[in-house]
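Student: I've got a new model to go through. Can we take it apart step by step?

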Amino acid sequence: MPELTLRDLSVQGHRGPRLAPLDIPAEGVERLLPRERVRTEGPALPEISEPQVVRHFVNLSVLNHHIDRAIYPLGSCTMKYNPKLNDEVAQLQGLAAAHPLQPEELSQGAMAVIWELHGWLRAIMGMPAITTHPAAGAQCELTAILMARAYHGERGNPREEVIVPDSAHGTNPSTVNQVGYRVVTVPSGADGCVDIAALRRAVSEKTAALMLTNPNTLGIFERDVGEIARIAHGVGALLYLDGANLNAMVGLASPGAMEFDFAHINLHKTFSTPHGGGGPGGGVLCVREALEPFLPAPVLERAGDLYRWNHDRPRSVGRVHSYYGNFGILVRALCYLKSLGASGLAEVSREAILNANYLKARLRDAYEPSHPGYCMHEFVLSASRQKSRGVRALDLGKRLLDFGMHAPTTYFPLIVEEALMIEPTETETKASLDAFADALLAIDRETVEDPALVRNAPTRTPVRRLDEARAARNPAVTWRDLEAG
Amino acid sequence: MSFVGRSDAERRAMLECIGAKSIEELWGAIPADLMVRGALPVDPPLAEYEIARRFAEWGERNADANRYACFLGAGIYDHFIPAALRSLTARSEFATAYTPYQPEVSQGTLQAIFEYQSMICELTGMEVANASLYDGATACVEAAHLAAGATGRRIVLVSGGVHPHFREVLRTYASAGSFRVQEIPAERGATSAAAARKLLTPEVAALLWSQPSFEGIVEDGAALTDAAQGAGALSVAAADPVALALLKPPGHEGADIVVGEGQSMGVPMGYGGPLVGFFATRKSQIRRLPGRLAGATVDLDARRGYVLTLQTREQHIRRERATSNICTNQGLMALANAIHLALLGAGGMREVATQCLEKAHYLARRVSALPGVTLPHGDAPFFREFVIRLPGAASDFVRAAQAKRILAGVPLARFDRSRPRDLLVAVTEKRTREEMDGYVETLAEWSRGRAGSPLEEAACRS
């Protein structure tokens with residue numbers, strides 16, 4: 001039975017939590033505001049008592065898959081466990097109820113949190129300068145490409161193109177276009193890495209930047225990253241690390257040593273802050289010294305024991321967030337880092353890589369790996385073999401839902417046919433990986449014995465497959481649309 | 001601390017299955033000179049109670065709205081947040097889920113987004129709202145992009161009544177060249193429709209205004225929308241959702257896009273983040289909408305269900321031709337908005353807005369009766385925020401009030417150095433008569449002797 005909407009539950013006259021009565025003499029809205037500025041008809045918000053609202057959202061919540069329930073092996077999304085202490089410290093009133101424009105002398109605790117987080121992240125990345133203003137990875141990309149434009153502009157020519165490998169996330173080309181550059185796509189070679197010869201041909205004095213995901217979205221470390229950096233820097237272009245796959249490098253490899261000019265971090269991936277059903281994320285952008293003057297304003301500084309926001313940054317690209325970024329997410333990430341410490345951080349990528357390789361080994365006979373050999377923290381399988389039995393990657397993912405597990409990322413990267421992109425993360429145990437592998441192996445047998453069962457999956461979920469074409473053809477995006485039929 | 005559950009025996013068994021002799025073999029592809037040598041130069045791990053203590057100490061070094069009477073606004077407000085909201089948004093099922101790309105196991109998130117979209121449309125008077133954006137500032141940027149695309153024009157005319165930080169973010173994004181920002185100076189804290197009309201040339205894609213304005217003034221939205229549309233530009237309002245419980249929503253006055261900051265609907269001030277931007281427009285613009293959108297449909301058994309729809313607008317499908325580069329949004333904050341609106345409901349939201357209005361006017365009346373204190377915007381209608389002009393530097397009064405545990409307001413010199421005596425004061429439903437009377441007393445004491453004395457023109461940046 002589908003859950004009713006709030007509109008269905010509304011009963012005229014029901015009320016939720018109340019305010020204290022007005023403790024001053026009331027003037028009346030009509031005396032305080034001109035009549036023509038006042039709503040004649042109140043917003044049609046629901047009228048529901050608190051217990052019913054709580055039940056409604058609890059009943060909705062249990063329809064979700066989530067990381068506290070079972071494995072969530074979405075490639076390039078890094079769905080690792082979100083420690084509970086993170087959320088607890090973020091609720092502390094001194095942090096949660098602080099106003100962003102209260103005087104700096106009364107904000108030193110919040111600023112100290114940001115400062116300390118910056119120190120940890122600079123050490124992990126091996127890069128000298130940092131901002132935590134961007135709200136998410138895509139905004140880091142945008143900030144960096146704006147900075148690249150400003151950097152080249154100062155040298156007399158903002159340039160025209162940004163190079164993006166064909167295995168890149170969609171945010172890369174989309175960002176490039178939004179900053180007014182032309183996207184130049186370079187292909188991957190047979191080994192899954194950037195085709196170096198093609199890259200040499202693609203770069204020129206027009207190239208403003210090159211955006212690289214490392215390891216790439218096939219889960220393969222770009223071993224020629226040194227050469228890639230030389231090629232980019234050889235024409236004066238800047239090298240950007242899309243940090244979506246940073247969970248393969250924490251405490252293991254150093255983006256700074258790889259000569260990246262920019263590197264972004266998704267705190268909601270690598271550093272355990274919750275994904276929240278789509279956000280908020282936490283974006284961090286690390287840059288080399290020469291790019292520091294272009295960082296978004298304001299910049300956090302420390303003088304003696306006092307922190308201050310420096311707004312006087314004439315070469316900055318400007319402000320990218322209403323205040324200072326997703327502060328509550330920064331608090332959680334710092335809490336995670338302090339929990340792990342140096343020894344715990346050393347384990348993150350090592351165990352994530354072990355888990356990915358173990359899963360790949362268990363699955364490689366039934367599913368075609370996109371590339372042979374060891375992978376980093378994730379790997380891509382192709383369901384081409386299963387497709388010949390009439391079952392697509394999409395169906396395999398849906399069938400996994402019947403096993404109480406989440407599907408991998410499907411149909412990405414675009415360069416692999418029927419792609420299943422799997423990232424288990426370090427917080428899954430061997431038993432959990434075995435259960436997942438057993439499920440995918442059982443499903444492979446089903447594709448032989450009863451392919452229709454897989455094609456019709458899922459059947460044990462709150463709803464079955466949904467008609468997406470109908471949703472797009474005649475969009476019903478509000479209660480009013482539903483009522484209008 | 002470690003969140004890895006692994007015994008040595010398990011590790012050996014896993015390596016054996018892989019066929020690797022050692023774990024190091026697995027990352028042999030990383031060139032040796034790119035490896036981190038030894039341990040990272042960071043601190044050793046701390047136990048939970050050590051960490052909790054450290055963060056508590058940091059918290060105590062901040063002022064917060066529980067230990068201070070908070071009269072700060074300027075886009076972020078200290079509103080009532082029901083306990084039930086905190087309990088619901090903290091649930092693992094909502095907080096630790098990913099973007100609902102597998103709708104069969106994401107109906108909770110998807111229906112919540114659908115209800116959020118519905119209620120944003122009710123508040124703004126619009127027809128379609130997306131699943132959220134980063135914040136109010138970037139929502140304005142997305143509106144600028146939509147308007148430029150829809151009109152084929154490049155100038156975004158921005159009222160000086162729009163939040164100065166929103167204007168700054170617009171200028172940052174405009175440096176990419178897809179639109180150009182031109183400003184209309186505010187007149188007495190609001191937008192002059194006559195001034196706007198003069199600048200509304202055929203190159204203007206949109207007129208961006210704010211309801212209420214940054215300095216609290218209730219704008220004449222109908223006049224601004226008429227001016228914009230009369231020149232073939234879109235009318236874009238950056239609106240406060242609490243105000244919309246009481247004020248005529250821009251959608252009812254014909255606006256094309258209504259965006260804004262949703263923090264005031266159940267999101268903690270949190271030192272300015274995470275926030276949540278909302279974006280609402282007409283159905284006719286649905287294919288230009290930025291970000292995610294939930295839509296209702298049916299499953300194979302004809303049961304109602306929800307999916308992310310019209311995804312061909314988005315970056316993961318359309319890549320460089322997407323309507324926006326946004327991927328991760330502020331989903332959990334949009335959920336908080338939805339729960340907040342459900343808990344407070346039509347009556348509760350109207351009561352919050354009415355109490356803000358009444359209390360703001362009470363305080364404005366009382367402080368402006370003090371010698372030397374004036375309201376520079378005179379009798380212009382305002383909502384929950386207003387500017388007072390003091391007989392001395394506003395930042396000086398802010399410091400004096402701190403000693404009484406009052407956060408007295410945001411000195412406007414922060415945004416405009418030519419206004420050292422102006423203070424922006426916000427009053428929410430949470431402020432009590434006692435706190436407001438204490439404010440008046442503190443200001444009276446501080447003003448005494450200052451009224452009429454020469455003004456110290458000190459730099460007033462707080």
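Tutor: Sure. Keep in mind that this is a predicted model, and that the domain bounds come from an automatic or database domain assignment.

Student: Which residues make up domain 1 of chain B?

Tutor: Chain B is split into two domains, and domain 2 takes 84–339. Domain 1 comes in two pieces, written as 69–75 + 350–447.

Student: And which element gives the largest share of the side of domain 1 of chain B that touches domain 2 of chain B?

Tutor: The contact takes 19 residues from domain 1 of chain B and 17 residues from domain 2 of chain B. On the domain 1 side, helix H11 (331–368) and strand E11 (385–389) of chain B each supply at least two residues. The largest share there, six residues, belongs to H11(B).

Student: Why do E11 and E13 of chain B each have one side without a neighbour in the sheet?

Tutor: The open sheet has three strands, in the order E11-E14-E13 (chain B), with antiparallel pairing. E11 and strand E13 (410–411) of chain B stand at the edges, so each has a single partner strand.

Student: What is the bridge partner of B:Val387 in E14(B)?

Tutor: E11(B) and strand E14 (residues 422–426) of chain B pair over five bridges, in the antiparallel sense. H11(B) lies across E11 and E14 of chain B, at about 5 degrees to E11(B). As for B:Val387, its bridge partner in E14(B) is B:Leu424.

Student: How many residues of the largest nonpolar core come from H11(B)?

Tutor: That core has 314 residues, and B:Ala206, B:Leu207 and B:Leu208 touch the most other members. H11(B) gives the largest share of this core, 21 residues.

How values were computed: Residues numbered from 1 in each chain as written. Chains lettered and ligands numbered in written order. Predicted model: local features only at pLDDT ≥ 70, side-chain atom pairs only at ≥ 80, totals over all residues. Contact = placed C-beta atoms within 7 Å. Helix = DSSP H or I, 4+ residues; strand = E, 2+ residues; numbered from the N terminus. Core = buried A, V, L, I, M, F, W, Y, C linked by C-beta atoms within 7 Å. Buried ≥ 20, exposed ≤ 12 C-beta atoms within 10 Å, placed from the backbone. Pairing = 2+ DSSP bridges. Axes fitted to C-alpha atoms, helices over the stretch in contact; angles between N-to-C directions.
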